[in-house]
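Here is a short briefing on one chain. Look over the sequence and the fold, then read the points below.

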Amino acid sequence: MFIRSALLITLFFASLTSALADESRDTSFLTTLYEKTLFDEADFAPSFLRVIDARSVRLAVQNVRRKYGPLLEVAGESPRFSITTKSHTIPVIMRRDPQGLIVQLSIRTPSLRVVNIDRLLERLAGLPGRASAFVSHNGEMIHALRPDVKLGVGAAFKLAVLAELKKDIAAEKRSWTDTVALKETDRSLPTGYLQDWPVGAPLNLYTLAALMISKSDNTATDMLMDVVGRDRVAKALDLETVLKTRDFFQLKANPLEANAWRNNDAQRRRHQLEMLATLPLPPVEAVQTPRNPDVEWPVSTSHLCKLM
């Protein structure tokens, strides 16, 4: 029994030693590759080099190093590693075949290292255009950059739709299982699925909310805005009037109407929304125009965080 136990322990430590050796070999390889762009072509399987030759590997690594700076550390174990520089963390996937030859080497999208959030906000403030940021913890602001400036938040306005729906559910005015039928006038443009569903399709509130948040389904969003009321959504966003996504696309497709929206007061905008509701849905090709910051959902970052 003691001999068997000793044998198992020996095998365990042998496996552990082998694994550590493999890990050390891989991190050393990636370190040398990143720092000096040096490697032995014999380290790669022929199948790899038939797809990506050695010169392309060197050029790719040189470009990454030029963009993200000198190496600080290589960490990880097969097949997932990370290369850390002063500014970024760069994920790397590297696999070897049973003979120890590299059959995969993939450099994935780097992520910015937030070493100091104050420095990050300084960099954000220096970018072209207007910028705003708000960082809170348990409802208390801990970092901010022009937090009360209203900027277009795009699909994030849907958080207000969800917030108003959840109020109704909590107050037992509605149930997640309540069903509404899709109308032709509900159809919006993608993203989403429901724009392709047939008129009359029954959908419960839970399904609509799930599609609105998980898939940013615009048709589901507009249906829920009808359920809770457009005015409530506007108030939740601290706006006098609020666009449905269908309205947004109508304005994108019609520069004259977009210009009128930009210059109209709240009362005239409400009349304009009534007129837009009578128009057919524009084709996708008609809305592939540059972003118009005045045809949007303008909300401050501080207010947006309160909806989360």
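**Briefing: exposed loop, enclosed helix, ring cluster**

Glu285 is exposed, with a relative accessible area of 64%. The model is predicted. Glu285 sits in the loop between H11 and strand E11 (298-300). Its C-alpha atom is 8.8 Å from that of Ala253, although 32 residues separate Glu285 and Ala253 along the chain.

**Overall form**

- The chain has twelve helices and eleven strands.
- Its radius of gyration is 28 Å, whereas a compact globule of 308 residues would have one near 19 Å.
- Along the principal axes, the C-alpha atoms fill a box of roughly 80 × 55 × 45 Å.
- Of the 308 residues in the chain, 37% are buried.
- Among contacts with a separation of 6 or more, 57% join residues that are 24 or more positions apart.

**Surface and charge**

- The exposed area of the chain is about 18,400 Å².
- Carbon and sulfur atoms supply 56% of that area.
- The chain carries 40 positive and 35 negative charges.
- The mean positions of the positive and negative charges lie 3 Å apart.

**Helix H7**

- Helix H7 spans residues 218-228, and ten of its eleven residues are buried, so it is largely enclosed by the rest of the structure.
- The buried set runs through Asn218, Thr219, Ala220, Thr221, Asp222, Met223, Leu224 and Met225, and also holds Val227 and Val228.
- Which elements do the buried residues of H7 pack against? The helices are H5 (158-170), H6 (205-214), H8 (230-236) and H9 (245-253). The strands are E9 (179-181) and E10 (202-204).

**Helix H11 and Gln272**

- Gln272 belongs to helix H11 (residues 266-276).
- Is Gln272 buried or exposed? Gln272 has a relative accessible area of 6%. The cut-off for buried is under 20%, so Gln272 counts as buried.
- Neighbours within four places in sequence aside, Gln272 is in contact with Leu251, Glu257, Ala260, Trp261 and Asn264.
- One of these contacts, Leu251, has a number that falls within the range of helix H9 (245-253).

**Aromatic cluster**

- The structure holds seven aromatic pairs.
- One of them joins Phe29 and Phe44, with 5.9 Å centre to centre and 65° between the planes, and this pair is edge-to-face.
- Why does this pair tie together parts that are 15 residues apart in sequence? Phe29 lies in helix H1 (residues 2-36), while Phe44 lies in the loop between H1 and helix H2 (46-51).
- Phe29 counts as buried at 8% relative accessibility. Phe44 also counts as buried, at 3%.
- The rings of Phe39 and Phe44 have their centres 5.2 Å apart and their planes at 75°. Planes over 60 degrees apart count as edge-to-face, so the Phe39 and Phe44 pair is edge-to-face.
- Phe39 counts as buried too, at 13% relative accessibility.
- Ring pairs link Phe29, Phe39, Phe44 and Phe48 into a cluster.

**In brief**

- Glu285 is exposed, in a loop that follows H11 and leads to strand E11.
- Gln272, in helix H11, is buried.
- Helix H7 is largely enclosed, because ten of its eleven residues are buried.
- Phe44 takes part in a pair with Phe29 and in a pair with Phe39.

Technical notes
Residues numbered from 1 in each chain as written. Predicted model: local features only at pLDDT ≥ 70, side-chain atom pairs only at ≥ 80, totals over all residues. Heavy atoms only, no water. Helix = DSSP H or I, 4+ residues; strand = E, 2+ residues; numbered from the N terminus. Rg over C-alpha atoms; globule rule 2.2 N^0.38 Å. Buried < 20%, exposed > 50% of the residue type's maximum accessible area, 1.4 Å probe, protein only. Contact = heavy atoms within 4.5 Å. Areas by Shrake-Rupley, 256 points an atom, 1.4 Å probe, with all protein chains shown as cover. Lys, Arg positive; Asp, Glu negative; His and termini not counted. Charge placed at Lys NZ, Arg CZ, Asp CG, Glu CD. Phe/Tyr/Trp six-rings, centres within 6.5 Å; stacked < 30°, edge-to-face > 60°.
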